[in-house]
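Dear colleague,

Please find below the sequence and structure for your attention. My notes on what was found follow directly after them.

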Amino acid sequence: MVYSVTILRPALELYQYWRSLENLPRFIGELQSVVQTGKDVSHWKIKSAQGSFYEWDARILEDKAGEVLSWESMPGSDIDMAGSVRFAMAPGGRGTYVKVALKYAVTGGKLGAAIAKWTGDDPKRHLADSLIRFKALMETGEIPTVEGQTRANED
Amino acid sequence: MKALCWFGKHDVRVETVPDPIILNPRDAIVRITTSAICGSDLHLYDGYIPRMEKGDVLGHEFMGEVVEIGAEVRNLKKGDRVVVPFTISCGQCFYCRKTLWSLCDNTNPGAYESEVMNGHSGAGLYGYSHLYGGYAGGQAQYVRVPFADVGPIKVPPGIPDEKVIFLSDIFPTGFMAAENCNIQHGDTVAIWGCGPVGQFCIRSAFALGAERVIAIDEVPERMEMAREGGATTISSHEEVFDELKQMTGGMGPDACIDAVGMEAHGFNLAAKIDQAKQALKMTLDRPNVLRQCLHACRKGGTVSVPGVYAGFLDNIPFGMAVAKGLTIKTGQTHVQRYLKPLLEMVEREQIDPSFVITHRLSLEQAPDGYKTFLNKQDGCIKIILKP
(Lines give C-alpha, C1' and ligand atoms only; values in the text may rest on other atoms or scores of the structure.)
Protein backbone atom coordinates (compact mmCIF):
# COMPACT_ATOMS: atom_id res chain seq x y z
CA MET A 1 0.00 0.00 0.00
CA VAL A 2 1.27 3.43 -0.88
CA TYR A 3 0.03 6.87 0.09
CA SER A 4 1.42 10.34 -0.61
CA VAL A 5 0.91 13.79 0.83
CA THR A 6 2.57 17.15 0.19
CA ILE A 7 3.56 18.97 3.37
CA LEU A 8 4.56 22.61 3.46
CA ARG A 9 7.61 22.02 5.69
CA PRO A 10 11.27 21.24 4.87
CA ALA A 11 12.14 17.61 4.24
CA LEU A 12 14.75 17.49 6.97
CA GLU A 13 12.29 18.71 9.59
CA LEU A 14 9.73 16.08 8.59
CA TYR A 15 12.38 13.33 8.50
CA GLN A 16 13.64 14.31 11.97
CA TYR A 17 10.14 14.23 13.46
CA TRP A 18 9.52 10.78 11.98
CA ARG A 19 13.01 9.50 12.92
CA SER A 20 12.22 10.22 16.56
CA LEU A 21 10.08 7.12 16.53
CA GLU A 22 8.44 8.01 19.87
CA ASN A 23 6.48 10.59 17.89
CA LEU A 24 4.75 8.01 15.70
CA PRO A 25 1.82 7.35 18.07
CA ARG A 26 0.89 11.04 17.84
CA PHE A 27 -0.42 10.50 14.35
CA ILE A 28 -0.52 6.77 13.62
CA GLY A 29 -3.85 5.48 14.82
CA GLU A 30 -4.13 2.81 17.53
CA LEU A 31 -0.38 2.80 18.12
CA GLN A 32 0.25 2.94 21.85
CA SER A 33 4.01 3.49 21.95
CA VAL A 34 7.27 3.10 20.08
CA VAL A 35 10.44 3.03 22.17
CA GLN A 36 13.94 3.04 20.75
CA THR A 37 15.77 0.19 22.46
CA GLY A 38 19.01 0.45 20.49
CA LYS A 39 20.61 2.43 17.68
CA ASP A 40 18.46 0.90 15.00
CA VAL A 41 16.05 -1.18 17.02
CA SER A 42 12.66 -0.24 18.43
CA HIS A 43 9.87 -1.82 20.42
CA TRP A 44 6.27 -1.28 19.21
CA LYS A 45 3.14 -1.67 21.28
CA ILE A 46 -0.48 -1.51 20.25
CA LYS A 47 -3.51 -1.73 22.51
CA SER A 48 -5.79 -4.70 22.28
CA ALA A 49 -9.55 -4.51 22.64
CA GLN A 50 -9.29 -6.31 25.97
CA GLY A 51 -6.92 -3.67 27.36
CA SER A 52 -3.71 -5.66 27.08
CA PHE A 53 -0.96 -5.01 24.54
CA TYR A 54 0.46 -6.60 21.44
CA GLU A 55 4.17 -5.96 21.01
CA TRP A 56 6.98 -6.60 18.60
CA ASP A 57 10.44 -5.38 17.71
CA ALA A 58 11.47 -3.65 14.51
CA ARG A 59 14.76 -2.54 13.04
CA ILE A 60 15.76 0.32 10.75
CA LEU A 61 17.02 -0.77 7.35
CA GLU A 62 17.70 2.38 5.36
CA ASP A 63 18.25 5.75 6.97
CA LYS A 64 19.25 8.85 5.01
CA ALA A 65 18.50 12.13 6.73
CA GLY A 66 15.87 14.13 4.87
CA GLU A 67 15.43 11.42 2.24
CA VAL A 68 14.36 7.99 3.35
CA LEU A 69 13.69 5.86 6.39
CA SER A 70 12.72 2.21 6.12
CA TRP A 71 12.06 -0.43 8.75
CA GLU A 72 10.90 -4.02 9.15
CA SER A 73 9.80 -6.28 11.94
CA MET A 74 12.52 -8.47 13.37
CA PRO A 75 12.74 -12.07 12.19
CA GLY A 76 10.84 -14.38 14.47
CA SER A 77 8.03 -11.88 15.13
CA ASP A 78 4.49 -13.05 14.60
CA ILE A 79 3.99 -10.16 12.28
CA ASP A 80 5.82 -9.53 9.04
CA MET A 81 5.70 -5.79 8.60
CA ALA A 82 7.83 -3.55 6.43
CA GLY A 83 7.52 0.14 5.74
CA SER A 84 9.30 3.11 4.31
CA VAL A 85 8.86 6.84 4.17
CA ARG A 86 10.46 8.89 1.42
CA PHE A 87 10.89 12.66 1.38
CA ALA A 88 11.47 14.63 -1.80
CA MET A 89 11.40 18.36 -2.49
CA ALA A 90 8.11 19.43 -4.03
CA PRO A 91 8.20 21.89 -6.92
CA GLY A 92 7.13 25.51 -6.79
CA GLY A 93 7.79 26.05 -3.10
CA ARG A 94 5.13 23.56 -2.07
CA GLY A 95 7.34 21.94 0.51
CA THR A 96 7.99 18.22 0.58
CA TYR A 97 6.45 15.19 -1.12
CA VAL A 98 6.07 12.46 1.51
CA LYS A 99 5.40 8.94 0.30
CA VAL A 100 4.80 6.03 2.66
CA ALA A 101 4.79 2.40 1.55
CA LEU A 102 3.61 -0.31 3.91
CA LYS A 103 3.36 -4.05 3.73
CA TYR A 104 1.83 -6.48 6.21
CA ALA A 105 1.76 -10.22 6.21
CA VAL A 106 0.42 -12.09 9.16
CA THR A 107 2.09 -15.39 9.88
CA GLY A 108 -0.33 -16.43 12.56
CA GLY A 109 -0.93 -16.23 16.24
CA LYS A 110 -2.35 -13.50 18.36
CA LEU A 111 -0.53 -10.78 16.47
CA GLY A 112 -2.79 -11.50 13.52
CA ALA A 113 -5.58 -10.25 15.68
CA ALA A 114 -3.37 -7.36 16.70
CA ILE A 115 -2.85 -6.17 13.16
CA ALA A 116 -6.54 -6.44 12.48
CA LYS A 117 -7.20 -4.29 15.52
CA TRP A 118 -4.44 -1.88 14.58
CA THR A 119 -5.39 -1.20 11.03
CA GLY A 120 -9.09 -2.02 11.20
CA ASP A 121 -11.10 -3.34 8.27
CA ASP A 122 -9.46 -0.95 5.92
CA PRO A 123 -5.65 -0.85 6.17
CA LYS A 124 -5.53 1.61 3.27
CA ARG A 125 -7.69 3.98 5.26
CA HIS A 126 -5.51 3.53 8.34
CA LEU A 127 -2.44 4.50 6.32
CA ALA A 128 -4.20 7.47 4.70
CA ASP A 129 -5.56 8.74 8.01
CA SER A 130 -2.11 8.49 9.60
CA LEU A 131 -0.48 10.55 6.86
CA ILE A 132 -3.31 13.09 6.74
CA ARG A 133 -2.85 13.57 10.49
CA PHE A 134 0.94 13.83 10.11
CA LYS A 135 0.48 16.61 7.57
CA ALA A 136 -2.00 18.53 9.75
CA LEU A 137 0.29 18.19 12.76
CA MET A 138 3.33 19.44 10.85
CA GLU A 139 1.55 22.33 9.09
CA THR A 140 -0.74 23.58 11.87
CA GLY A 141 0.48 22.07 15.14
CA GLU A 142 -2.86 20.31 15.60
CA ILE A 143 -4.77 17.29 14.41
CA PRO A 144 -8.38 18.13 13.46
CA THR A 145 -10.87 16.25 15.57
CA VAL A 146 -14.49 16.06 16.54
CA GLU A 147 -13.96 13.40 19.19
CA GLY A 148 -15.54 14.58 22.40
CA GLN A 149 -17.67 17.22 20.71
CA THR A 150 -21.29 17.76 21.57
CA ARG A 151 -24.13 15.82 19.96
CA ALA A 152 -27.52 14.40 20.88
CA ASN A 153 -27.97 10.73 21.70
CA GLU A 154 -29.51 8.65 18.95
CA ASP A 155 -33.00 7.95 20.09
CA MET B 1 -27.42 23.51 26.26
CA LYS B 2 -30.17 23.37 23.64
CA ALA B 3 -29.31 22.47 20.05
CA LEU B 4 -31.14 21.66 16.84
CA CYS B 5 -30.26 18.09 15.89
CA TRP B 6 -30.84 15.95 12.83
CA PHE B 7 -32.61 12.62 13.21
CA GLY B 8 -33.56 11.74 9.65
CA LYS B 9 -35.52 13.00 6.70
CA HIS B 10 -37.85 15.82 7.79
CA ASP B 11 -36.95 15.06 11.42
CA VAL B 12 -35.07 17.79 13.27
CA ARG B 13 -35.52 18.33 17.00
CA VAL B 14 -34.31 20.73 19.66
CA GLU B 15 -32.52 18.56 22.22
CA THR B 16 -30.57 19.15 25.40
CA VAL B 17 -26.92 18.30 24.67
CA PRO B 18 -23.59 18.78 26.49
CA ASP B 19 -22.04 22.25 26.27
CA PRO B 20 -19.17 22.36 23.76
CA ILE B 21 -15.63 22.19 25.17
CA ILE B 22 -12.17 23.14 23.95
CA LEU B 23 -10.65 20.10 22.22
CA ASN B 24 -7.62 21.64 20.50
CA PRO B 25 -5.38 24.60 21.45
CA ARG B 26 -6.60 26.81 18.61
CA ASP B 27 -10.28 26.34 19.48
CA ALA B 28 -12.62 28.92 20.95
CA ILE B 29 -16.12 28.58 22.39
CA VAL B 30 -18.71 31.12 21.25
CA ARG B 31 -22.02 31.88 22.91
CA ILE B 32 -24.38 32.27 19.98
CA THR B 33 -26.50 35.41 19.76
CA THR B 34 -27.95 34.90 16.29
CA SER B 35 -27.96 32.03 13.82
CA ALA B 36 -29.88 31.16 10.67
CA ILE B 37 -31.35 28.38 8.56
CA CYS B 38 -29.73 28.04 5.14
CA GLY B 39 -31.18 26.78 1.86
CA SER B 40 -28.47 24.13 1.86
CA ASP B 41 -29.74 22.95 5.28
CA LEU B 42 -32.85 21.93 3.38
CA HIS B 43 -30.82 19.35 1.44
CA LEU B 44 -29.95 17.83 4.85
CA TYR B 45 -33.59 18.09 5.93
CA ASP B 46 -34.73 16.36 2.75
CA GLY B 47 -32.23 13.56 3.30
CA TYR B 48 -30.20 14.17 0.14
CA ILE B 49 -26.80 14.62 1.74
CA PRO B 50 -25.07 11.33 2.61
CA ARG B 51 -23.19 10.60 5.86
CA MET B 52 -25.46 12.30 8.30
CA GLU B 53 -25.78 10.63 11.70
CA LYS B 54 -28.68 10.85 14.11
CA GLY B 55 -27.93 13.40 16.77
CA ASP B 56 -25.72 15.66 14.59
CA VAL B 57 -26.09 19.33 15.50
CA LEU B 58 -26.95 21.46 12.47
CA GLY B 59 -26.29 25.08 11.56
CA HIS B 60 -23.45 26.83 9.77
CA GLU B 61 -24.51 30.48 9.90
CA PHE B 62 -23.90 31.95 13.34
CA MET B 63 -22.33 34.73 15.38
CA GLY B 64 -21.92 35.63 19.02
CA GLU B 65 -19.59 36.32 21.91
CA VAL B 66 -16.31 34.54 22.63
CA VAL B 67 -16.60 32.92 26.07
CA GLU B 68 -13.51 30.73 26.10
CA ILE B 69 -10.28 30.48 24.12
CA GLY B 70 -7.72 27.67 23.72
CA ALA B 71 -4.10 28.10 24.74
CA GLU B 72 -2.89 29.03 21.24
CA VAL B 73 -5.56 31.60 20.36
CA ARG B 74 -3.95 35.04 20.55
CA ASN B 75 -6.06 37.25 18.33
CA LEU B 76 -9.34 36.86 20.28
CA LYS B 77 -10.27 37.33 23.91
CA LYS B 78 -13.31 36.60 26.03
CA GLY B 79 -16.07 39.06 25.30
CA ASP B 80 -15.13 39.68 21.65
CA ARG B 81 -18.14 39.81 19.35
CA VAL B 82 -17.49 37.70 16.24
CA VAL B 83 -19.11 36.41 13.08
CA VAL B 84 -17.83 32.93 12.25
CA PRO B 85 -17.35 31.72 8.65
CA PHE B 86 -18.96 28.40 7.84
CA THR B 87 -15.65 27.16 6.44
CA ILE B 88 -13.08 25.86 8.96
CA SER B 89 -9.59 26.68 7.69
CA CYS B 90 -6.07 26.26 9.11
CA GLY B 91 -4.50 29.30 7.45
CA GLN B 92 -1.22 27.49 6.72
CA CYS B 93 -1.72 24.91 3.98
CA PHE B 94 -1.22 25.38 0.22
CA TYR B 95 -4.91 26.15 -0.28
CA CYS B 96 -5.39 28.59 2.61
CA ARG B 97 -2.33 30.49 1.51
CA LYS B 98 -3.91 30.88 -1.93
CA THR B 99 -7.11 32.16 -0.20
CA LEU B 100 -8.91 28.99 -1.26
CA TRP B 101 -10.21 28.70 2.31
CA SER B 102 -13.01 26.20 1.60
CA LEU B 103 -10.40 23.79 0.21
CA CYS B 104 -8.21 23.66 3.33
CA ASP B 105 -6.22 20.42 3.68
CA ASN B 106 -6.12 20.24 7.44
CA THR B 107 -9.57 20.66 8.94
CA ASN B 108 -11.53 17.58 7.93
CA PRO B 109 -11.14 14.63 10.33
CA GLY B 110 -13.18 12.61 7.85
CA ALA B 111 -10.92 13.55 4.93
CA TYR B 112 -10.42 9.97 3.76
CA GLU B 113 -14.13 9.38 3.16
CA SER B 114 -14.30 12.58 1.19
CA GLU B 115 -11.26 11.46 -0.83
CA VAL B 116 -12.93 8.20 -1.69
CA MET B 117 -16.01 10.09 -2.87
CA ASN B 118 -14.39 13.05 -4.63
CA GLY B 119 -10.73 12.21 -5.13
CA HIS B 120 -9.59 14.81 -2.58
CA SER B 121 -11.03 16.39 0.54
CA GLY B 122 -11.76 20.03 1.20
CA ALA B 123 -12.21 21.90 4.43
CA GLY B 124 -14.40 20.89 7.32
CA LEU B 125 -17.72 22.72 7.53
CA TYR B 126 -20.06 23.22 10.46
CA GLY B 127 -23.16 21.05 10.60
CA TYR B 128 -22.92 19.54 7.10
CA SER B 129 -22.40 15.76 7.45
CA HIS B 130 -19.40 13.62 8.21
CA LEU B 131 -18.08 14.03 4.68
CA TYR B 132 -17.21 17.55 5.80
CA GLY B 133 -15.92 16.50 9.20
CA GLY B 134 -19.12 16.12 11.19
CA TYR B 135 -18.50 19.32 13.16
CA ALA B 136 -21.33 20.26 15.53
CA GLY B 137 -23.02 23.34 14.13
CA GLY B 138 -24.43 26.61 15.41
CA GLN B 139 -28.22 26.24 15.51
CA ALA B 140 -27.59 26.06 19.23
CA GLN B 141 -26.73 28.16 22.26
CA TYR B 142 -22.98 27.54 22.12
CA VAL B 143 -20.52 26.28 19.53
CA ARG B 144 -16.90 25.10 19.41
CA VAL B 145 -14.94 27.08 16.81
CA PRO B 146 -11.73 25.31 15.65
CA PHE B 147 -8.89 27.45 14.27
CA ALA B 148 -10.46 30.47 15.93
CA ASP B 149 -7.34 32.46 15.02
CA VAL B 150 -8.12 32.05 11.30
CA GLY B 151 -11.87 32.20 10.86
CA PRO B 152 -13.91 34.57 12.99
CA ILE B 153 -14.03 38.31 12.33
CA LYS B 154 -14.59 40.80 15.12
CA VAL B 155 -17.52 43.13 14.55
CA PRO B 156 -17.95 46.54 16.20
CA PRO B 157 -20.60 47.00 18.89
CA GLY B 158 -22.72 49.59 17.06
CA ILE B 159 -24.03 47.30 14.31
CA PRO B 160 -26.98 44.98 15.11
CA ASP B 161 -26.54 41.22 14.62
CA GLU B 162 -29.05 41.24 11.76
CA LYS B 163 -26.80 43.36 9.61
CA VAL B 164 -23.71 41.15 9.97
CA ILE B 165 -24.92 37.57 10.55
CA PHE B 166 -24.94 36.85 6.82
CA LEU B 167 -21.21 37.47 6.53
CA SER B 168 -20.98 33.88 7.80
CA ASP B 169 -22.20 32.43 4.51
CA ILE B 170 -24.83 33.81 2.17
CA PHE B 171 -23.50 37.30 1.54
CA PRO B 172 -19.96 36.06 0.67
CA THR B 173 -21.58 33.22 -1.29
CA GLY B 174 -23.60 35.61 -3.42
CA PHE B 175 -20.63 37.90 -3.79
CA MET B 176 -18.19 35.16 -4.82
CA ALA B 177 -20.75 33.80 -7.31
CA ALA B 178 -21.02 37.24 -8.88
CA GLU B 179 -17.26 37.79 -8.78
CA ASN B 180 -16.79 34.45 -10.54
CA CYS B 181 -18.82 35.85 -13.44
CA ASN B 182 -15.89 38.12 -14.31
CA ILE B 183 -18.35 40.98 -14.87
CA GLN B 184 -17.31 43.47 -17.55
CA HIS B 185 -18.70 46.86 -18.55
CA GLY B 186 -22.13 46.46 -20.14
CA ASP B 187 -22.71 42.89 -18.94
CA THR B 188 -26.08 41.29 -18.37
CA VAL B 189 -26.08 38.68 -15.62
CA ALA B 190 -28.92 36.14 -15.44
CA ILE B 191 -29.56 34.57 -12.04
CA TRP B 192 -31.69 31.50 -11.50
CA GLY B 193 -33.07 31.38 -7.97
CA CYS B 194 -34.33 34.30 -5.88
CA GLY B 195 -33.72 32.64 -2.55
CA PRO B 196 -31.39 34.41 -0.12
CA VAL B 197 -28.21 33.50 -2.05
CA GLY B 198 -29.78 34.68 -5.32
CA GLN B 199 -30.77 37.95 -3.62
CA PHE B 200 -27.16 38.55 -2.60
CA CYS B 201 -26.00 37.56 -6.11
CA ILE B 202 -28.23 40.30 -7.53
CA ARG B 203 -26.92 43.06 -5.27
CA SER B 204 -23.34 41.85 -5.62
CA ALA B 205 -23.57 41.76 -9.41
CA PHE B 206 -24.60 45.42 -9.45
CA ALA B 207 -21.90 46.29 -6.92
CA LEU B 208 -19.38 44.65 -9.28
CA GLY B 209 -20.56 46.75 -12.23
CA ALA B 210 -23.20 44.72 -14.05
CA GLU B 211 -25.28 46.80 -16.45
CA ARG B 212 -28.36 44.66 -15.94
CA VAL B 213 -29.45 41.69 -13.81
CA ILE B 214 -32.25 39.35 -14.85
CA ALA B 215 -33.59 37.07 -12.11
CA ILE B 216 -35.61 33.91 -12.67
CA ASP B 217 -37.97 32.34 -10.13
CA GLU B 218 -41.65 31.59 -9.62
CA VAL B 219 -42.36 32.73 -6.05
CA PRO B 220 -43.97 36.20 -6.12
CA GLU B 221 -42.49 37.63 -2.91
CA ARG B 222 -39.01 36.45 -3.92
CA MET B 223 -39.35 38.03 -7.35
CA GLU B 224 -40.56 41.23 -5.71
CA MET B 225 -37.50 41.24 -3.44
CA ALA B 226 -35.33 40.68 -6.51
CA ARG B 227 -36.91 43.69 -8.23
CA GLU B 228 -36.31 45.78 -5.11
CA GLY B 229 -32.63 44.94 -5.61
CA GLY B 230 -32.77 46.30 -9.16
CA ALA B 231 -33.30 43.07 -11.10
CA THR B 232 -35.71 42.50 -13.95
CA THR B 233 -37.59 39.25 -13.31
CA ILE B 234 -38.76 36.38 -15.49
CA SER B 235 -41.02 33.59 -14.30
CA SER B 236 -39.47 30.14 -14.49
CA HIS B 237 -42.73 28.99 -16.10
CA GLU B 238 -41.95 31.05 -19.18
CA GLU B 239 -39.73 29.99 -22.03
CA VAL B 240 -36.71 31.28 -20.20
CA PHE B 241 -34.13 30.64 -22.92
CA ASP B 242 -36.17 32.56 -25.51
CA GLU B 243 -36.97 35.44 -23.13
CA LEU B 244 -33.30 35.85 -22.22
CA LYS B 245 -32.30 35.76 -25.86
CA GLN B 246 -34.80 38.47 -26.84
CA MET B 247 -33.82 40.64 -23.89
CA THR B 248 -30.15 40.52 -24.91
CA GLY B 249 -30.43 41.22 -28.64
CA GLY B 250 -30.00 37.53 -29.47
CA MET B 251 -26.65 37.18 -27.67
CA GLY B 252 -27.76 35.59 -24.41
CA PRO B 253 -26.63 36.76 -20.96
CA ASP B 254 -22.90 37.31 -20.52
CA ALA B 255 -22.96 35.27 -17.33
CA CYS B 256 -25.42 32.86 -15.77
CA ILE B 257 -25.60 32.06 -12.06
CA ASP B 258 -27.14 28.81 -10.80
CA ALA B 259 -28.27 29.82 -7.33
CA VAL B 260 -30.64 26.87 -7.08
CA GLY B 261 -28.56 23.72 -7.05
CA MET B 262 -29.46 20.07 -6.72
CA GLU B 263 -33.09 20.31 -5.72
CA ALA B 264 -34.26 22.32 -8.70
CA HIS B 265 -37.96 22.26 -9.39
CA GLY B 266 -38.69 22.33 -13.05
CA PHE B 267 -41.59 22.19 -15.39
CA ASN B 268 -40.07 20.78 -18.54
CA LEU B 269 -39.65 17.16 -19.55
CA ALA B 270 -36.03 16.95 -18.47
CA ALA B 271 -37.02 18.10 -14.98
CA LYS B 272 -39.70 15.43 -14.76
CA ILE B 273 -37.13 12.80 -15.69
CA ASP B 274 -34.80 14.11 -12.96
CA GLN B 275 -37.58 13.85 -10.40
CA ALA B 276 -38.52 10.34 -11.44
CA LYS B 277 -34.92 9.16 -11.30
CA GLN B 278 -34.44 10.75 -7.92
CA ALA B 279 -37.53 9.02 -6.59
CA LEU B 280 -36.13 5.72 -7.85
CA LYS B 281 -32.77 6.56 -6.26
CA MET B 282 -31.11 6.32 -9.65
CA THR B 283 -29.69 9.78 -9.22
CA LEU B 284 -28.97 12.18 -6.40
CA ASP B 285 -29.20 15.60 -7.98
CA ARG B 286 -31.68 17.44 -10.18
CA PRO B 287 -29.63 19.77 -12.40
CA ASN B 288 -32.53 21.38 -14.21
CA VAL B 289 -31.20 24.88 -13.64
CA LEU B 290 -27.63 24.03 -14.60
CA ARG B 291 -28.85 22.79 -17.98
CA GLN B 292 -30.67 26.07 -18.54
CA CYS B 293 -27.56 28.07 -17.64
CA LEU B 294 -25.40 26.16 -20.11
CA HIS B 295 -28.05 26.60 -22.80
CA ALA B 296 -28.76 30.29 -22.26
CA CYS B 297 -25.27 31.65 -21.70
CA ARG B 298 -23.70 33.60 -24.55
CA LYS B 299 -20.69 32.23 -26.40
CA GLY B 300 -17.52 32.66 -24.39
CA GLY B 301 -19.51 33.54 -21.29
CA THR B 302 -19.34 32.21 -17.74
CA VAL B 303 -21.65 29.91 -15.81
CA SER B 304 -21.18 30.44 -12.07
CA VAL B 305 -22.47 27.74 -9.74
CA PRO B 306 -22.81 28.60 -6.06
CA GLY B 307 -25.67 26.09 -5.88
CA VAL B 308 -24.87 22.90 -4.01
CA TYR B 309 -24.60 19.60 -5.87
CA ALA B 310 -23.69 16.36 -4.11
CA GLY B 311 -23.19 13.60 -6.67
CA PHE B 312 -23.48 12.77 -10.34
CA LEU B 313 -25.58 14.69 -12.81
CA ASP B 314 -27.45 13.11 -15.69
CA ASN B 315 -28.00 14.51 -19.11
CA ILE B 316 -25.88 17.61 -18.85
CA PRO B 317 -25.44 19.21 -22.31
CA PHE B 318 -21.71 19.48 -21.97
CA GLY B 319 -21.54 19.67 -25.77
CA MET B 320 -23.18 23.09 -25.50
CA ALA B 321 -20.46 24.22 -23.14
CA VAL B 322 -17.77 23.04 -25.56
CA ALA B 323 -19.51 24.45 -28.64
CA LYS B 324 -19.82 27.85 -27.01
CA GLY B 325 -16.48 27.92 -25.20
CA LEU B 326 -18.02 28.45 -21.77
CA THR B 327 -16.20 28.91 -18.49
CA ILE B 328 -17.78 27.10 -15.53
CA LYS B 329 -16.88 28.20 -12.02
CA THR B 330 -18.05 26.37 -8.92
CA GLY B 331 -17.29 25.59 -5.33
CA GLN B 332 -17.93 26.24 -1.69
CA THR B 333 -17.41 29.86 -0.76
CA HIS B 334 -13.98 31.03 0.38
CA VAL B 335 -15.67 32.99 3.13
CA GLN B 336 -12.56 34.28 4.90
CA ARG B 337 -11.57 36.11 1.70
CA TYR B 338 -14.69 38.28 1.82
CA LEU B 339 -15.27 38.99 5.51
CA LYS B 340 -13.33 42.21 5.73
CA PRO B 341 -14.38 43.85 2.44
CA LEU B 342 -18.05 42.94 2.90
CA LEU B 343 -18.08 44.12 6.52
CA GLU B 344 -16.75 47.42 5.22
CA MET B 345 -19.60 47.58 2.69
CA VAL B 346 -22.04 47.13 5.58
CA GLU B 347 -20.27 49.68 7.77
CA ARG B 348 -20.40 52.39 5.10
CA GLU B 349 -24.04 51.46 4.47
CA GLN B 350 -23.54 50.44 0.85
CA ILE B 351 -25.71 47.43 1.66
CA ASP B 352 -27.93 46.37 4.57
CA PRO B 353 -28.01 42.55 4.43
CA SER B 354 -30.93 42.33 6.86
CA PHE B 355 -33.27 43.06 3.92
CA VAL B 356 -33.46 39.33 3.26
CA ILE B 357 -34.90 38.39 6.70
CA THR B 358 -38.60 37.56 6.75
CA HIS B 359 -38.84 35.44 9.89
CA ARG B 360 -37.35 35.73 13.35
CA LEU B 361 -37.79 32.62 15.48
CA SER B 362 -36.53 31.21 18.73
CA LEU B 363 -34.36 28.11 18.62
CA GLU B 364 -37.31 26.11 19.97
CA GLN B 365 -39.35 27.13 16.93
CA ALA B 366 -36.63 26.03 14.49
CA PRO B 367 -38.20 22.65 13.56
CA ASP B 368 -41.34 24.46 12.42
CA GLY B 369 -39.12 26.97 10.71
CA TYR B 370 -37.53 24.25 8.58
CA LYS B 371 -40.99 23.18 7.38
CA THR B 372 -42.04 26.74 6.63
CA PHE B 373 -38.80 27.45 4.77
CA LEU B 374 -38.95 24.22 2.76
CA ASN B 375 -42.49 24.85 1.63
CA LYS B 376 -41.96 28.57 1.06
CA GLN B 377 -45.00 29.22 3.22
CA ASP B 378 -46.00 32.48 4.81
CA GLY B 379 -43.82 34.49 2.42
CA CYS B 380 -40.73 32.88 3.94
CA ILE B 381 -37.42 33.90 2.38
CA LYS B 382 -34.89 33.79 5.25
CA ILE B 383 -35.22 32.74 8.87
CA ILE B 384 -32.93 33.87 11.67
CA LEU B 385 -32.88 32.14 15.04
CA LYS B 386 -32.42 33.59 18.51
CA PRO B 387 -31.16 30.84 20.84
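In this predicted model, the largest nonpolar core has 73 residues, and those that touch the most other members are B:Val164, B:Phe166 and B:Phe171. Helix 12 of chain B, residues 335-347, gives the most to this core, with seven residues. Leaving aside neighbours within four places in sequence, B:Phe166 is in contact with B:Phe171 and B:Phe200, among others. Its further contacts include B:Ala36, B:Pro353, B:Val356, B:Ile357 and B:Ile384, as well as the charged residues B:Glu61 and B:Lys382.

A second core, separate from this one, holds 41 residues, including A:Ile7, A:Val34, A:Leu137 and B:Ala111.

In chain A, helix 1 (residues 11-19) packs with helix 3 (residues 123-140) at an angle of about 120 degrees, and their axes are 12 Å apart. An angle between 115 and 145 degrees counts as oblique, and the two helices are therefore oblique to each other. The crossing of helix 1 of chain A past helix 3 of chain A is right-handed. Helix 1 of chain A contributes A:Leu14, A:Tyr17 and A:Trp18 to the contact, while helix 3 of chain A contributes A:Leu131, A:Phe134, A:Leu137 and A:Met138. By class, the residues of this contact are seven nonpolar, no polar and no charged.

Helix 3 of chain B (residues 111-118) has as its buried residues B:Ala111, B:Tyr112, B:Glu113 and B:Ser114. Helix 3 of chain A is among the elements that cover them. Just after helix 3 of chain B, B:Gly119 adopts a positive phi of about 100 degrees.

With kind regards

Terms used: Residues numbered from 1 in each chain as written. Chains lettered and ligands numbered in written order. Predicted model: local features only at pLDDT ≥ 70, side-chain atom pairs only at ≥ 80, totals over all residues. Heavy atoms only, no water. Core = buried A, V, L, I, M, F, W, Y, C linked by side-chain atoms within 4.5 Å. Buried < 20%, exposed > 50% of the residue type's maximum accessible area, 1.4 Å probe, protein only. Helix = DSSP H or I, 4+ residues; strand = E, 2+ residues; numbered from the N terminus. Contact = heavy atoms within 4.5 Å. Axes fitted to C-alpha atoms, helices over the stretch in contact; angles between N-to-C directions. Parallel < 35°, antiparallel > 145°, perpendicular 65-115°, else oblique. Left-handed = near helix turned anticlockwise from the far one by under 90°.
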